[in-house]
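Visitor: Got a minute to walk me through this one? I'd like to start with a helix and then get to the strands.

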Amino acid sequence: MTKNEIELAPNAALLVIDVQKGFDDASYWGPRNNLQAEANIAALMDAWRETGRPVVLVRHASRTAGSVLAADHPGHAFKDFVADRAGQESLLITKTVNSSFYGTPDLADWLTAQGIGQLVVTGIQTNMCVETTARMAGNLGYEVLVPLDATHTFDLAAGPAGPSLTADQLATATAVNLQGGGFARVVTTAELLGA
C-alpha cells in the first residue's frame, strides 16, 4: 500500500450525519455548495451495505424555536434516499448538539462494543456537525476519513456587521482544519469506493 492509498477496515463505520429534509429549505439556510453530496452519500451507503459494513444514521433534533430540524417539524425526517436505504443493521442516533458523540444512544459505547476503530464521516453541514464529529472522533483515537464531496454546507455570516464566508470557503476551511490539524484524513468518495 502506498502512502496515499486508503485501506478500509472490514468493520469501518459509515456515519451519515443530519441528512434531513429540513436542509432542503433554501429560504431558511441560504445558498449551499456541492450539489453532488447526496449522490455521493447514497453511493457510499450502497457500498457499505454491499460489503456488510455498519452504517450509523444521525439525526438532529433542534431545540431552537421555529427550526426546520425540530422533532415536530416535517424537516426532521431523513431525506428519502437515506430513509430508503436504512436497514435493521443501522444504528440510529438522535442528537441536539453538533457532535454525534453527544447523542442517544451513545456512539462511543456502541463503537467500542462493536470493536470499531475506523470511521467515515459524511453529511450536513460540513463545517458544523460533520467537522465537530470528526474532530471529536480524532481526539478519541479513532481513525477518521472524511470524504468532503459527501458533505455540504451553506454560506454563513457572523452577524449583520460581521464577516461572512461562502459555503465553498467554509468547506475548504474544514478540510484544512481536519487534515492540517491531524483530526482526520480528507478523501473523496471515489477513493473510498475504490478502496
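**Helix first, then strands**

Guide: Helix α2 (residues 37–51) has 15 residues, so at 1.5 Å a residue it should span 21 Å, and its end C-alpha atoms are indeed 21 Å apart. The expected span is 1.5 Å times one less than the number of residues. Helices (H or I, at least four residues) and strands (E, at least two) are DSSP runs, numbered from the N terminus.

Visitor: Before we go on, what am I looking at, a predicted model or something else?
Guide: A predicted model: local features need pLDDT of at least 70, side-chain atom pairs count only at pLDDT 80 or more, and totals for chains, interfaces and linings use all residues. Residues are numbered from 1 along each chain as its sequence is written, and side-chain values use heavy atoms, leaving out hydrogens and water.

Visitor: OK, which residues of α2 are buried?
Guide: Among them are Ile 41, Leu 44, Met 45 and Trp 48. Buried means under 20% relative accessible area, exposed over 50%, partly exposed in between (1.4 Å probe, protein chains only).

Visitor: And what happens just after α2?
Guide: Gly 52 takes a positive phi there, about 75 degrees.

Visitor: Switching to strands: how many residues of β6 are buried?
Guide: Four of the five in β6 (residues 143–147).

Visitor: Which strands does β6 pair with?
Guide: β5 (residues 118–124) pairs with β6 in the parallel sense over three bridges; pairing takes at least two DSSP bridges between the strands. Three bridges also join β6 to β10 (residues 185–187), again parallel. Leu 145 is the bridge partner of Val 120 and stands opposite Arg 185 in β10.
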